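Hi,

Here is the structure I promised to pass on. Have a look at it first, and my notes on what turned up follow below.

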Amino acid sequence: MRARLIFSGILAAAMGLSACGGSTGGSGGYVQPTGPSLASIEIDSGNLFFKPNKVEAPVGIVKIWLKNIESGSHNLVISGVPGFILEVNGDGDAQAKKVELKAGSFDFYCTLSGHRAAGMQGKLVVK
Ligand SMILES: [Cu+2]
């Protein structure tokens, strides 16, 4: 009981910190997995692309960075990973979150209107 209360406090503090990171709102109720990440993956976003648009990750907890290298706003969601979203606004903005991945091949894309169709999508291969 006590441990659970303490844990909730840490989580609330962590979420409070990330809320000050510059990107506002829209992150919903996504709860990052606890525990260390096995790998860190950086994906750059621009108008209108992801670089790289094919990435590999190990099974388990991975930290994914989205870094905006041009002006504009973008986000990154992964099909089959409900709630996970990274959002960037403006040149140089970056956001990172941990996600627990299962083996498989997943699409990642930007949900802003027209962006996916214009090329903002890629493949995430987890193995
Ligand atoms: Cu976009």
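**What I found**

Let me start with one pair of residues: Ile 61 sits across from Glu 100 in strand 7. That pair belongs to a longer pairing, in which strand 4 (residues 60–68) and strand 7 run antiparallel and are joined by 8 bridges. Before going further, please keep in mind that this is a predicted model.

**The overall picture**

The protein has 1 helix and 9 strands. Reading from the N terminus, the helix comes at the start and the strands follow: α-β-β-β-β-β-β-β-β-β. There are 127 residues, of which 21% count as buried. If you take the contacts with a separation of 6 or more, 59% of them are between residues 24 or more positions apart.

**The four-stranded sheet**

Strands 4 and 7 are part of an open sheet of 4 strands, with the order 2-1-4-7 and mixed pairing. Which strands stand at the edges? Strand 2 (49–51) and strand 7 (94–101) do, and each has a single partner strand, so one side of each has no neighbour in the sheet. From one strand to the next, the twist averages 25°.

As a bit of background, strands in a sheet pair through backbone hydrogen bonds, in either a parallel or an antiparallel way. Both kinds turn up here. Strand 1 and strand 4 are parallel and share 7 bridges, with Ile 43 opposite Leu 66 in strand 4. Strand 1 and strand 2, on the other hand, run antiparallel with 3 bridges between them, and Gly 46 stands opposite Phe 49 in strand 2. Those two strands form a hairpin, with 2 residues between them.

**Two cis peptide bonds**

Have a look at the stretch around strand 2. The peptide bond from Asn 47 to Leu 48 is cis, with omega near 0°, and Leu 48 lies in the loop between strand 1 (39–46) and strand 2. The bond from Lys 51 to Pro 52 is cis too, with omega near -5°. Pro 52 is in the loop between strand 2 and strand 3. For context, most peptide bonds are trans.

**Strand 9 and its partners**

Strand 9 (residues 121–126) pairs with strand 3 (residues 54–57) in parallel, through 4 bridges. In that pairing, Ala 57 has Val 126 as its bridge partner. Strand 9 also runs antiparallel to strand 8 (residues 104–109), with 6 bridges joining them. There, Asp 107 has Lys 123 as its bridge partner.

**The nonpolar core**

The largest nonpolar core has 15 residues, and Val 62, Ile 64, Leu 66, Leu 76 and Val 99 have the most contacts inside it. Strand 4, strand 6 (86–89) and strand 7 each supply at least two residues of this core. The largest share, 3 residues, comes from strand 4.

Leu 76 is a handy place to begin if you want to trace the surroundings. Setting aside residues up to four places away in sequence, Leu 76 touches Ile 43, Leu 66, Ile 85, Leu 86, Phe 108 and Cys 110. Ile 43 and Leu 66 are the opposite pair from strands 1 and 4 mentioned above.

**Two residues to click on**

Is Met 120 buried or exposed? Met 120 is buried, because 23 C-beta neighbours lie inside 10 Å and the cut-off for buried is 20 or more. Met 120 is in the loop between strand 8 and strand 9. In sequence, Met 120 and Phe 49 are 71 residues apart, but their C-alpha atoms are 4.6 Å apart in space. Beyond neighbours within four places in sequence, the contacts of Met 120 are Leu 48, Phe 49, Phe 50, His 74, Tyr 109, Cys 110 and His 115. Leu 48, you may recall, is the residue that follows the cis bond from Asn 47.

Now compare Ile 78, which lies in strand 5 (residues 73–78). Ile 78 has 19 C-beta neighbours inside 10 Å, so it counts as partly exposed. Not counting residues up to four places away, Ile 78 touches Phe 84, Phe 106, Phe 108 and Leu 124. Of these, Leu 124 is 46 residues from Ile 78 in sequence, and 8.3 Å away from C-alpha to C-alpha.

Happy browsing!

Methods. Residues numbered from 1 in each chain as written. Predicted model: local features only at pLDDT ≥ 70, side-chain atom pairs only at ≥ 80, totals over all residues. Pairing = 2+ DSSP bridges. Buried ≥ 20, exposed ≤ 12 C-beta atoms within 10 Å, placed from the backbone. Contact = placed C-beta atoms within 7 Å. Axes fitted to C-alpha atoms, helices over the stretch in contact; angles between N-to-C directions. Core = buried A, V, L, I, M, F, W, Y, C linked by C-beta atoms within 7 Å.
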